[in-house]
Amino acid sequence: MSNVFLQISNAEKVCRKEIPHLSFDEFRTQALDMVTDGGKVVQYFAYPDKNRLKLLAVLRTDKLFVAGCDVPDPYPSFTRICEPFHLFEREMAEQYGIRPQGHPWLKMVRYHPNYSDGTADVFGNDYTQDIPGNYTYYQVEGEEIHEVAVGPVHAGVIEPGHFRFNCIGERVLHLEIQLGYQHRGIEKQLTEVPDKRLPILGENIAGDTTIGHSLCMAQNLETLTAVKPDQGARVIRTIALELERLANHIGDLGALSGDVAFLPPANYFGRIRGDFLNLSLLICGNRFGKGLVRPGGVRFSLSNEIRRVLNDRLAELRPEVTHVLELLFNAVTVRARFEGCGAVSHEDAEHLGLVGPAGRASGMAYDVRRCFPTEHYPHIDIPKNKKATGDVYARARVRYDEIHQSLQIIESLAAIPVETRCVSDGMAYDLPASSFSVALNEAWRGEVSHAVLTDENGKILRYKIKDPSFHNWNGLAMALRDTGISDFPLNNKSFNLSYCGFDL
């Protein structure tokens with residue numbers, strides 16, 4: 001069967017009338033064929049349009065494709081045939097009351113219905129009265145089975161998340177992860193706030209992925225309004241995204257060092273992470289990059305003095321980073337704890353649609369910077385970085401490789417004088433009517449994606465966000481299968497997923 005989905009480009013404006021509107025049977029057949037044949041789900045969501053509820057899917061192979069249809073009644077679940085759709089269908093059920101018939105595990109995603117009227121969702125939960133979490137968790141039966149519940153309130157300064165372990169002795173048989181306790185309704189806000197608030201909300205979707213989310217929002221608004229940032233802005237954005245990757249990868253390796261009680265690299269990495277955060281501070285006045293990326297370009301340029309300081313600091317930090325990396329990875333005791341711990345097979349990673357370092361550690365080479373490059377990435381050779389073992393060591397080793405590569409990228413770009421026209425904050429955006437755009441970027445956790453639909457008046461009809469953690473939390477659950485419960489902190493840190501990026 002020929003593919004009737006429309007092929008599109010990353011961050012490309014598409015008139016909505018050009019998006020194929022298929023019968024549901026054809027839409028379902030085409031989508032399932034593409035994903036079961038190795039494609040992946042980038043976006044799959046519902047939206048209201050003139051008193052009708054519609055579906056839109058963005059899928060990827062080596063290219064991007066989009067198509068839509070009306071929501072049928074009843075709606076037969078895709079998940080029972082093809083696992084990667086399962087979270088998307090659960091999300092649509094919660095937001096719009098679309099009950100996927102035959103879904104094998106229809107449970108809540110974020111507790112609160114975003115868009116549906118009334119207080120009760122399709123699961124019969126009245127959120128004005130019930131305490132979140134009042135539903136039956138998965139249970140394993142047996143005399144020797146016991147459950148361990150962790151969270152949602154944690155001892156550390158982290159956001160809420162509940163982890164329910166079914167164990168026999170200390171061996172984990174199943175881990176169920178429940179998130180969504182602080183559901184912020186960001187997607188709904190983005191259809192209602194004044195234009196000047198859009199970039200502010202965008203860069204606060206997940207604080208440690210400020211640049212990744214800001215880029216997606218900026219690129220969508222740019223393509224919809226036909227505004228093109230200059231090459232200098234593209235270079236600065238690329239530097240900022242790689243600084244964000246460096247700071248987080250280094251912080252993760254420090255946390256992994258602490259979890260195996262190897263304190264020297266834990267302390268060194270903690271200090272070095274601060275040094276890279278301070279380089280973002282040098283560029284834009286904020287350690288997390290807030291206020292830097294805006295539609296049309298950037299708000300701060302790289303003066304000769306800033307470039308000089310940036311180059312000097314990078315020259316000082318590179319040997320320190322190299323030394324501490326070797327200290328960690330050459331330690332036999334560390335290898336003994338990392339290797340074979342929390343392995344996720346390539347087959348399971350494919351079924352779950354894992355992205356970023358978690359996916360590459362399980363043999364999936366996908367990287368948005370190489371496959372759908374934006375900004376300055378078309379001019380940069382991005383290695384595949386995939387590993388074979390899918391364990392804690394592989395996830396750590398991907399970070400090891402990417403730290404060296406990000407350092408090289410930043411050093412090469414920082415050495416080139418760039419000129420850019422800084423854009424102002426608080427701009428108004430004259431969006432075109434009945435248009436669509438989807439933007440993808442490789443944030444440090446993996447593929448970030450934002451999709452925008454406008455109505456016939458040029459107002460945002462639907463703004464859909466997908467953080468890489470949306471795919472990867474189930475990877476953590478799989479990593480704990482048949483693993484000692486004492487290895488949970490180590491595995492959890494090896495993924496280091498976002499609560500707020502999931503809890504939109």
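**Exercise 1. Work out how strands β14 and β15 pair, and in which sense**.

Solution. Start with the ranges: strand β14 covers residues 435-443 and strand β15 covers residues 446-454. The two pair in the antiparallel sense, over eight bridges. A handy anchor for your viewer is Leu440, whose bridge partner in β15 is Ser449. Keep in mind throughout that this is a predicted model.

Next, zoom out to the sheet. It is open and has four strands, in the order β2-β14-β15-β16, with antiparallel pairing. Look at the ends of that order: β2 (14-15) and β16 (460-466) are the edge strands, and each has a single partner, so one side of each has no neighbour in the sheet.

Finally, find what packs on this sheet. Helix α5 (residues 210-225) does, and it touches β14, β15 and β16. Its direction makes about 150° with that of β14.

**Exercise 2. Take the open sheet of three strands and find its order, its edges and the average turn between neighbouring strands**.

Solution. The order reads β9-β10-β11, and the pairing is antiparallel. At the edges you find β9 (145-150) and β11; each has just a single partner strand, so one of its sides is left without a neighbour in the sheet. Ignoring direction, neighbouring strands are turned by 20° against each other on average.

Now go down to the residues. Strand β10 (residues 162-168) pairs with β11 over seven bridges. Within that pairing, His162 stands opposite Gln178 of β11. To finish, add the helix: α14 lies across β10 and β11, and runs at about 160° to β11.

**Exercise 3. Describe the largest pocket: its volume, its lining and the helices involved**.

Solution. The volume comes first, at about 770 Å³. There are 27 lining residues, and those closest to the centre are Ile158, Lys493, Asn496, Leu497 and Tyr499. Two helices each supply at least two lining residues: α6 (231-259) and α15 (488-495). Sorted by class, the lining splits into 13 nonpolar, eight polar and six charged residues.

**Exercise 4. Do the same for the second largest pocket, and say which element gives the most to its lining**.

Solution. This pocket holds about 600 Å³ of space. Among its 27 lining residues, His86, Trp105, Leu352, Asn474 and Met478 are the closest to the centre. Two or more residues come from each of α2 (86-96), β11 (171-178), α10 (346-352) and α14 (469-479). Of these, α14 gives the most, with five residues. That's the helix from Exercise 2 that lies across β10 and β11. The class tally is 15 nonpolar, seven polar and five charged.

**Exercise 5. Count the cavities of 30 Å³ or more, then characterise the largest cavity**.

Solution. The structure has nine cavities of 30 Å³ or more. In the largest cavity there is about 140 Å³ of space. It is lined by 17 residues, and Glu244, Leu277, Ser280, Arg287 and Phe288 sit closest to its centre. Helices α6 and α7 (263-284) are the elements giving two or more residues, with α7 providing the largest share, six residues. By class, the lining has 10 nonpolar, three polar and four charged residues.

**Exercise 6. Classify the aromatic pair of Phe27 and Phe78, and locate both partners**.

Solution. For context, the structure has 19 aromatic pairs. In this one, the centres are 6.2 Å apart and the planes make 50°. Stacked needs planes under 30 degrees apart and edge-to-face needs over 60, so 50° makes the pair tilted. As for location, Phe27 belongs to helix α1 (residues 24-36), while Phe78 sits in the loop between β7 (75-76) and α2. The two are 51 residues apart, which links distant parts of the chain.

**Exercise 7. Find the cis peptide bonds before Pro74 and Pro152, then check phi at Glu375**.

Solution. Begin with the rule of thumb: most peptide bonds are trans, and most residues other than glycine have a negative phi. Against that background, Asp73 and Pro74 are joined by a cis bond, with omega about 5°. Pro74 is in the loop between β6 (64-70) and β7. Gly151 and Pro152 are also joined by a cis bond, with omega about 15°, and Pro152 lies in the loop between β9 and β10. Last, Glu375 is not a glycine, yet its phi is positive, at about 50°. Look for Glu375 in the loop between α12 (368-371) and α13 (392-414).

Notes:
Residues are numbered from 1 along each chain as its sequence is written. This is a predicted model: local features need pLDDT of at least 70, side-chain atom pairs count only at pLDDT 80 or more; totals for chains, interfaces and linings use all residues. Side-chain values use heavy atoms; hydrogens and water are left out. On a 1 Å grid over the protein atoms alone, a cavity is a set of points where a 1.4 Å probe fits but cannot get out, and a pocket is an open set with protein on both sides within 12 Å along at least five of seven lines; lining residues have an atom within 4 Å of a point. Grid points are joined across faces, edges and corners, and a volume is the space filled by probe spheres set on the points. Ala, Val, Leu, Ile, Met, Phe, Trp, Tyr, Cys and Pro count as nonpolar, Asp, Glu, Lys and Arg as charged, and the others, Gly among them, as polar. Two strands pair if DSSP finds at least two bridges between them. Contact means heavy atoms within 4.5 Å. Axes are lines fitted to C-alpha atoms, for helices over the stretch in contact, and angles run from 0 to 180 degrees between N-to-C directions. Rings of Phe, Tyr and Trp (its six-membered ring) pair if their centres lie within 6.5 Å; planes under 30 degrees apart count as stacked, over 60 as edge-to-face and the rest as tilted.
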